Amino acid sequence: MADAHVSSETQRFIDKDMHYGAHNYHPLPVVLTKGEGCFVWDVEGKRYYDFLSAYSAVNQGHCHPKIVKAVCDQAGTLALTSRAFHNDRMGDMLKKISEVTGFPKVLPMNTGAEGVETAIKAMRRWGYRVKGIPANKAEIIVAKGNFHGRTTTIVGFSDDPGAYADFGPATPGFVQVDYDDLDALKKAITPNTAGVLLEPIQGEAGVKMPSDAFLVGVRELCTQNNVLLCWDEIQTGLGRTGRMFAWQHACAKNPGCTFKGDCPSAGKACARPDLIILGKALSGGLYPVSCVAAKEEVMNVFDPGSHGSTYGGNPMAAAAAIAALEVLIDEQLCEKALALGVKAVARLQAGITSKNLKEVRGRGLMLAVEFTTPNAHDVAVELMEHGILAKDTHETTIRFAPALVISEDDLNAALDKIIAVCNTY
Ligand SMILES: *Cc1c(COP(=O)(O)O)cnc(C)c1O
């Protein structure tokens with residue numbers, strides 16, 4: 001087990017967190033104080049490449065000046081009204097999200113988990129009120145290995161004991177099937193199935209990438225069976241995989257489809273969802289902002305009093321989200337991530353010669369190195385000492401997700417360090 005060398009100053013911060021905080025995380029022993037672009041600095045002044053990017057919340061880079069300015073200006077003008085009144089910023093955010101997703105309707109929340117809860121409520125109500133499922137019988141199909149957040153309902157349909165153990169009883173109405181297994185999904189659909197909730201790439205499970213045929217096949221099955229398809233793109237969305245949304249990679253009839261409004265191959269060789277959940281990079285890391293975007297028929301199931309959040313759609317969130325989406329588009333971060341990602345996977349594949357390497361994989365700048373041995377945590381600790389911050393997942397896999405604003409030179413410099421460290425394992 002690699003040992004981290006920690007100074008007494010750093011240790012004092014860590015001790016305070018451990019003393020006063022709940023021990024619900026196991027962070028690497030580094031204390032960060034500043035961020036800019038793809039870099040962060042610790043309290044001792046050491047600079048790191050941030051290859052986690054807050055689980056892809058800072059796709060636009062740390063403290064992007066345009067988003068910082070938007071948030072600061074809004075903070076000094078009007079921060080929170082609640083939805084008891086209108087505010088003059090929310091509508092522009094909803095319009096922007098609608099344009100980017102191609103969906104006519106948007107419901108703003110704060111955290112990703114709240115977005116997922118919103119999607120679950122929407123699918124269930126649609127199941128009863130539109131599809132005609134008998135009361136309290138609605139089922140939602142999810143995948144094994146899923147990660148959708150931490151609420152009691154969401155962990156109730158996780159198959160990771162670390163996430164669900166002793167938090168039961170689980171909310172009923174969820175059915176688990178193997179990920180990337182179309183037959184299993186087909187068999188699980190019943191007349192009471194309201195929706196299918198999936199990540200188009202399973203991030204927390206270790207960047208598990210299903211076949212494009214699976215994504216398209218799920219869409220087909222949902223259409224044939226009058227079942228809603230919901231992609232949780234909280235982590236994969238907003239440029240991370242080299243397209244605005246990860247599902248767009250799978251569109252066979254129209255490769256590289258940018259999905260504006262009506263899909264040309266709607267319901268056929270296309271993986272377009274009926275609703276999509278966004279979060280994380282929706283604010284570029286400046287503020288918790290999430291949402292569900294959906295078809296009219298789905299979103300119209302909500303009426304006054306049926307859902308909401310005190311902070312949802314507040315002016316600060318709106319200012320952050322508008323700026324964050326503008327940065328993604330203006331700086332062409334999807335295109336950048338796509339081009340850099342191809343080169344990064346090739347460089348890692350060619351460079352890592354460790355006999356314990358199982359696979360290098362990735363799409364855009366959502367990358368993973370998987371070992372045959374359970375040493376990913378040790379690799380993460382050693383990478384930290386070499387100035388790269390990344391997180392292990394499930395003992396054998398380490399995920400790399402730099403900010404999409406990273407320059408090719410910085411990316412290559414960081415990849416060279418990653419290759420050198422991986423080759424010692
Ligand atoms: C992070 C994440 C969530 C939960 O988001 P929070 O903001 O942490 O609640 C849900 N789904 C996926 C795929 C995620 O990566």
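Helices α3 and α11 (residues 315-330) pass each other with their axes coming within 8 Å and crossing at roughly 160°. That angle makes α3 roughly antiparallel to α11. Keep in mind as you look around that this is a predicted model. The crossing of this pair is right-handed. On the α3 side, the residues taking part are K66, I67, A70, V71, Q74 and A75, and they meet P315, M316, A319, A320, A323, A324, E326, V327 and D330 in α11. Sort the contact of α3 with α11 by class and you get 11 nonpolar, one polar and three charged residues.

Stay with α3 for a moment. Side chains of opposite charge can pair when their charged atoms come close. Here, D73 and K69 do this in a salt bridge, at 2.6 Å from N to O. Where do D73 and K69 sit relative to each other in helix α3? They are four residues apart in this helix (residues 65-75), so about one helical turn separates them. Across the whole structure, a search finds 16 salt bridges.

**More helix pairs**

Now find helix α14 (residues 408-422), which packs with helix α12 (residues 333-351) at an angle of about 25°, their axes 10 Å apart. α12 and α14 are therefore roughly parallel to each other, and α12 passes α14 in a right-handed crossing. From α12, the contact uses L340, K343, A344, R347, L348 and G351, while α14 brings in E408, L411, N412, L415, D416, I418 and I419. Seven of the residues in this contact are nonpolar, two are polar and four are charged.

α14 also meets helix α13 (residues 376-385): the two axes come within 10 Å and cross at roughly 135°. That makes α13 oblique to α14. This crossing is right-handed too, as α13 passes α14. The residues that touch are V379, E382 and L383 of α13 and K417, I418, V421 and C422 of α14. By class, the contact of α13 with α14 holds five nonpolar, no polar and two charged residues.

Here are the three pairs side by side:

| Helix pair | Axis distance | Angle |
|---|---|---|
| α3 and α11 | within 8 Å | roughly 160° |
| α12 and α14 | 10 Å | about 25° |
| α13 and α14 | within 10 Å | roughly 135° |

**The seven-stranded sheet**

Time for some strands. Seven of them make an open sheet in the order β4-β10-β9-β8-β7-β5-β6, and the pairing is mixed. Why do β4 (105-109) and β6 (174-177) each have one side without a neighbour in the sheet? Both stand at the edges with a single partner strand each, so one side of each is left free of a neighbour. Going from one strand to the next, the twist averages 20°.

At the β4 edge, five bridges join β4 to strand β10 (residues 290-294), and these two strands run antiparallel. To trace one of the bridges, start at L107, whose partner in β10 is V292.

Helix α5 (residues 112-131) packs on this sheet, touching β4, β5 (139-143), β6, β7 (193-198), β8 (228-232), β9 (275-278) and β10. The direction of α5 makes about 155° with that of β7. Another helix to look for is α9 (residues 212-224), which lies across β7 and β8 and runs at about 150° to β8.

**The four-stranded sheet**

There is also an open sheet of four strands, ordered β1-β2-β3-β13, again with mixed pairing. Its edges are β1 (32-36) and β13 (388-389); each has a single partner strand, so one side of each has no neighbour in the sheet. Between β1 and strand β2 (residues 39-42), four bridges pair the strands in the antiparallel sense. Which residue of β2 is the bridge partner of K34? The partner is W41.

**Two backbone details**

To finish, zoom in on the backbone. G168 and P169 are joined by a cis peptide bond, with omega about 5°. You'll find P169 in the loop between α7 (161-164) and β6. Then there's Y55, a residue other than glycine with a positive phi, near 55°. Y55 lies in helix α2 (residues 53-56).

Definitions and conventions
Residues numbered from 1 in each chain as written. Predicted model: local features only at pLDDT ≥ 70, side-chain atom pairs only at ≥ 80, totals over all residues. Heavy atoms only, no water. Pairing = 2+ DSSP bridges. Axes fitted to C-alpha atoms, helices over the stretch in contact; angles between N-to-C directions. Contact = heavy atoms within 4.5 Å. Parallel < 35°, antiparallel > 145°, perpendicular 65-115°, else oblique. Left-handed = near helix turned anticlockwise from the far one by under 90°. Nonpolar A, V, L, I, M, F, W, Y, C, P; charged D, E, K, R; others polar. Salt bridge = Lys/Arg side-chain N within 4 Å of Asp/Glu carboxyl O.
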